Amino acid sequence: MNKSIFMNKSIILAAALAVSVGVANAQISPNSTWYDGYTKLLCISTSGNTFKCNMDYWGEEPEEITLTKTAENKFSLKGAADVRLFASTKSVEYRVVDGHKLLIFKDSKGNALESFERFDDDMWEPQILRAYHYILDGEYVDEQGTKYSISGDNFVMGGKKMNFSLDPDMYYLMKMSDNNYYWWRVSSTGINIYRTQEGEYGREPGALWHKLKNVSPNGRWGFLAKEIVPGNTMWRFNSELIRLMRNEIYARHGYVFNSADLKTYFGKQPWYKPLNNNAAVKLSAIETLNVELLKGNIVAREGTDDEEIEEGLK
């Protein structure tokens, strides 16, 4: 073989190996930022296979954690044991799902408790608001049959369009374009919206304004077909609703349920078209991950108090 050709091939191979190593090492790198919808994970330094990171909660003091690489795409975690996520996590997995770069926190049985997605820019506030819009966006009717639509910052009530905004510090508050504030809560069938009143610590929910039932044509949680469910979205629903969220993913594909309650619930949904062939049901990569995360969330909340969540489910 021509020596120059051999050298050129060697150089190309070395460059390719350098790139591949760089990609592998770039899974977690200094100043890389990861979000779960409410919490920010900031990697501040690396040393060999050890990664020092700060876990920041919106408005709270950061907690320092250490990720240590144990195998390809696998990490162990050390952190504050009194924090729910840290106390339950036994391993962390790096995974790429449909182009999304993720760190998935798992318990000792391999249940996915939560996922953090990497973003190149500071996206903290947009990620918080984006996650809550996953809950709010949809089509609704109230007790009188008036139609509502919520999409982004648009709020349409009976054909009348208004703009509204959410405050990331007080995300339950909706400020309408008429400068009035309303308080929203998740309900068993949609959302309840309350007028607000001044309380001891600022605005608080007052009289019920409207009970809105979700009637979105593609299901209550249609975003699960194309978006990874954020942690703060999951923790706004009680265990019963998380179960419905998980099974709605299958229902949108025509899955036939054996459980009587699921069969009854989805049988009442106008969009549900059972296939009578569960073997034909194929989930996308994102849907499969969402099923995994929603299942893990049920495990993660064992022994926790759902009182705050249950308060709105009336």
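I'll start with one residue pair: F155 has M162 in strand 12 as its bridge partner. Keep in mind throughout that this is a predicted model.

That pair sits in a longer ladder. Strand 11, residues 154-157, and strand 12, residues 160-166, are paired in the antiparallel sense, with four bridges between them. As a reminder, the strands of a sheet pair through backbone hydrogen bonds, parallel or antiparallel.

Stepping back, what do strands 9 to 16 form? Eight strands close into a barrel, in the order 9-10-11-12-13-14-15-16, with antiparallel pairing. On average, neighbouring strands in this sheet are turned by 35 degrees against each other, direction ignored.

Which strands does helix 3 lie across? Helix 3 lies across strand 9 (138-141), strand 10 (147-151), strand 12, strand 14 (181-186) and strand 15 (190-199). Relative to strand 12, helix 3 runs at about 140 degrees.

Now the other barrel. Here eight strands close in the order 1-2-3-4-5-6-7-8, and the pairing is antiparallel. Neighbouring strands of this sheet are turned by 35 degrees against each other on average, again ignoring direction. Within this barrel, strand 7, residues 100-106, pairs with strand 8 in the antiparallel sense over five bridges. I104 is found opposite S115 of strand 8. Helix 7, residues 285-300, packs on this sheet and touches strand 6 (91-97), strand 7 and strand 8. The direction of helix 7 makes about 130 degrees with that of strand 8.

On to the cavities. How many of 30 Å³ or more does the structure hold? There are two. The largest has about 100 Å³ of space. Its lining consists of Y35, D36, G37, L102, S115, E117, F119, Q127, R130, I228, V229 and P230. Two elements, strand 8 (112-119) and helix 3 (124-136), each give two or more residues to that lining. Strand 8 has the largest share, three residues. S115, which stands opposite I104, is one of the lining residues. By class, the lining of the largest cavity has six nonpolar, three polar and three charged residues.

The second largest cavity holds about 40 Å³ of space. I135, Y140, G190, I191, N214, R220, W221 and F237 line this one. Its lining comprises five nonpolar, two polar and one charged residues.

To tie the parts together: helix 3 lies across strands that include strand 12, and helix 3 also gives two or more residues to the lining of the largest cavity. Strand 8 pairs with strand 7, is touched by helix 7, and provides the largest share of that same lining.

Methods: Residues numbered from 1 in each chain as written. Predicted model: local features only at pLDDT ≥ 70, side-chain atom pairs only at ≥ 80, totals over all residues. Heavy atoms only, no water. 1 Å grid on protein atoms, 1.4 Å probe; cavity = no way out; pocket = protein on both sides within 12 Å on 5 of 7 lines; lining within 4 Å. Points joined across faces, edges and corners; volume = space filled by probe spheres on them. Nonpolar A, V, L, I, M, F, W, Y, C, P; charged D, E, K, R; others polar. Pairing = 2+ DSSP bridges. Axes fitted to C-alpha atoms, helices over the stretch in contact; angles between N-to-C directions. Contact = heavy atoms within 4.5 Å.
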